[in-house]
Amino acid sequence: MPDAQQTFAVRCDQHRTRMVEVTLRYDETQFEKSGFQCAEPGCTRRYTSGRGYFDVINGSVLAEKFQQSCPKCKTPMYLSEVEQDGEIWRCPNPPICVFEQKMVG
Ligand SMILES: [Zn+2]
Ligand SMILES: [Zn+2]
């Protein structure tokens, strides 16, 4: 049985495809936790609920200047669904915080 940890359908914010859940480990930032990685060849995008979207190039974490943050809990949101007329971004903290926002365009 899966534990209580929620599995998110996180999508790459550049490719809009489903990301794969991975264990991230980067000595540069003493940063180790489960996160998501884009499955597209050559894509450097990662996502964790702690820091949102960012790039990893040659093992180095590139800080992302801007995140789509949840207005309620300030956590970086993830791209969850792609529709014809926009994107659905969600807060990664349910049930503590439930928020979704549609970005049109
Ligand atoms: Zn990607
Ligand atoms: Zn939130």
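Modeller: Two residues are in contact here if their C-beta atoms, placed from the backbone, lie within 7 Å. This is a predicted model, in which local features need pLDDT of at least 70 and side-chain atom pairs count only at pLDDT 80 or more, while totals for chains, interfaces and linings use all residues. Residues are numbered from 1 along each chain as its sequence is written, and chains are lettered from A and ligands numbered from 1 in the order in which they are written.

Colleague: With that cut-off in mind, which residues is Phe36 in contact with, leaving aside its neighbours within four places in sequence?

Modeller: Under that condition Phe36 is in contact with Val10, Met19, Val20, Glu21, Val22, Arg46 and Tyr47.

Colleague: Why does Cys12, in the segment before β1 (19-26), count as buried?

Modeller: A residue is buried if 20 or more other C-beta atoms lie within 10 Å of its own, exposed if 12 or fewer, and partly exposed in between; Cys12 has 21 such neighbours inside 10 Å and therefore counts as buried. Once residues up to four places away in sequence are set aside, Cys12 touches Thr17, Met19, Cys38, Glu40, Cys43 and Arg45. Across the chain of 105 residues, buried residues make up 19%.

Colleague: What makes a set of residues a nonpolar core, and which residues have the most contacts inside the largest one?

Modeller: The term stands for a set of buried Ala, Val, Leu, Ile, Met, Phe, Trp, Tyr and Cys residues joined through C-beta atoms within 7 Å. The largest such core has 13 residues, and those with the most contacts inside it are Val10, Met19, Phe36, Tyr47, Met77, Tyr78 and Trp89. At least two residues of this core come from each of β2 (31-38) and β6 (78-83).

Colleague: How do you know that β3 and β4 pair, and in which sense do they run?

Modeller: Strands are DSSP runs (E, at least two residues; helices are H or I, at least four), numbered from the N terminus, and two strands pair if DSSP finds at least two bridges between them. Strand β3 (residues 45-48) and strand β4 (residues 52-57) have four bridges, in the antiparallel sense, so the criterion of at least two is met. Tyr47 has Tyr53 of β4 as its bridge partner, and a hairpin through three residues joins the two strands.

Colleague: What makes β6 and β8 edge strands?

Modeller: In the open sheet of three strands, ordered β6-β7-β8 with antiparallel pairing, β6 and β8 (100-104) each pair on one side only.
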